[in-house]
Amino acid sequence: KSAGFTTIQSYIPWNVHEPKENIYNFEGIADVFRYFETAQYYGLNVIARPGPFLATEWDFGGFPAWLLRDRPTLDVRRNETVFMNEVRKWYSKLLPKLVPYLYINGGPIIAVQVENEFGSNKPCDDAHFDY
């Protein structure tokens with residue numbers, strides 16, 4: 001902040017917060033809410049980045065490994081029913097928890113970026129954005 005920066009961005013990795021299917025963790029190192037509160041305490045805005053895809057340098061892009069356990073040919077980052085149902089479950093668990101931290105509600109989150117680096121590699125498809 002002393003350098004003049006007012007905003008930080010942060011991944012919210014799906015694979016960290018749902019390491020096992022339907023087992024969610026928002027404690028310890030996965031406590032993003034404490035992170036938001038700390039940012040706000042220091043007067044920093046936050047751009048939250050919950051994926052589902054984070055970055056190519058993140059293991060499996062931040063997707064949980066269990067996605068492929070019983071379905072090794074699952075098409076991720078596509079408008080594929082099984083994949084999108086899992087994304088819906090992830091978002092339905094996470095996004096309501098972000099609401100109190102949104103700027104409009106007095107929190108530090110000024111923007112939420114869904115997806116990342118979309119279209120920079122295959123097998124992305126535009127129908128994925130219809131969700």
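Let's start with E21, which is partly exposed, at 25% relative accessibility. Please keep in mind, as we go along, that this is a predicted model.

What does E21 do with its side chain? One partner is R69: the two side chains meet in a salt bridge, with 3.1 Å from N to O. If you follow the chain, you'll see that R69 lies in the loop between β2 and α3, while E21 is in the loop between α1, residues 14–17, and α2, so this pair ties together parts that are 48 residues apart in sequence.

E21 has another partner, K89, and here the salt bridge is 3.9 Å from N to O. This one also links distant parts of the chain, since K89 sits in helix α3 and E21 in the loop between α1 and α2, 68 residues apart. How accessible is K89? Its relative accessibility is 28%, so K89 counts as partly exposed.

Now back to R69 for a moment. R69 also forms a salt bridge with D70, where the closest N and O atoms are 3.5 Å apart. Is D70 buried or exposed? D70 counts as exposed, because its relative accessibility is 60%. Put the shared partners together and you get one network that joins E21, R69, D70, R71, E86 and K89. In total, the structure holds five salt bridges.

Let's stay in the loop between β2 and α3, because L67 lies there too. Unlike D70, which is exposed, L67 is buried, with a relative accessible area of 0%. Which residues does L67 touch, once we set aside its neighbours within four places in sequence? They are W14, L74, F83 and E86. You may remember E86 as a member of the salt-bridge network. L67 and K20 are 47 residues apart along the chain, and their C-alpha atoms are separated by 9.3 Å.

Two of those contacts of L67, W14 and F83, take us to the largest nonpolar core. That core has 25 residues, and I12, W14, F36 and F83 touch the most other members. Where do the members come from? Helix α2, residues 32–41, strand β2, residues 45–51, and helix α3, residues 81–98, each supply at least two. The biggest giver is α3, with seven residues.

I12 is a nice one to click on. Leaving out residues up to four places away in sequence, I12 has a list of contacts that includes V32 and F36, then A48, R49 and P50, and also W90, L94 and L98.

Finally, the sheet. It is an open sheet of three strands in the order β1-β2-β3, and the pairing is parallel. Which strands stand at the edges? They are β1, residues 7–11, and β3, residues 109–114; each has a single partner strand, so one side of each is left without a neighbour in the sheet. From one strand to the next, the twist averages 20 degrees.

If you look at β2 and β3, you'll find them paired over four bridges, in the parallel sense. V46, for instance, has I109 in β3 as its bridge partner.

And what packs on this sheet? Helix α2 does, touching β1, β2 and β3, with its direction at about 175 degrees to that of β1. Helix α3 packs on the sheet as well, where it touches β2 and β3, and its direction makes about 170 degrees with that of β2.

Definitions and conventions. Residues are numbered from 1 along each chain as its sequence is written. This is a predicted model: local features need pLDDT of at least 70, side-chain atom pairs count only at pLDDT 80 or more; totals for chains, interfaces and linings use all residues. Side-chain values use heavy atoms; hydrogens and water are left out. A nonpolar core is a set of buried Ala, Val, Leu, Ile, Met, Phe, Trp, Tyr and Cys residues joined through side-chain atoms within 4.5 Å. Buried means under 20% relative accessible area, exposed over 50%, partly exposed in between (1.4 Å probe, protein chains only). Contact means heavy atoms within 4.5 Å. A salt bridge is a side-chain nitrogen of Lys or Arg within 4 Å of a carboxyl oxygen of Asp or Glu. Two strands pair if DSSP finds at least two bridges between them. Axes are lines fitted to C-alpha atoms, for helices over the stretch in contact, and angles run from 0 to 180 degrees between N-to-C directions.
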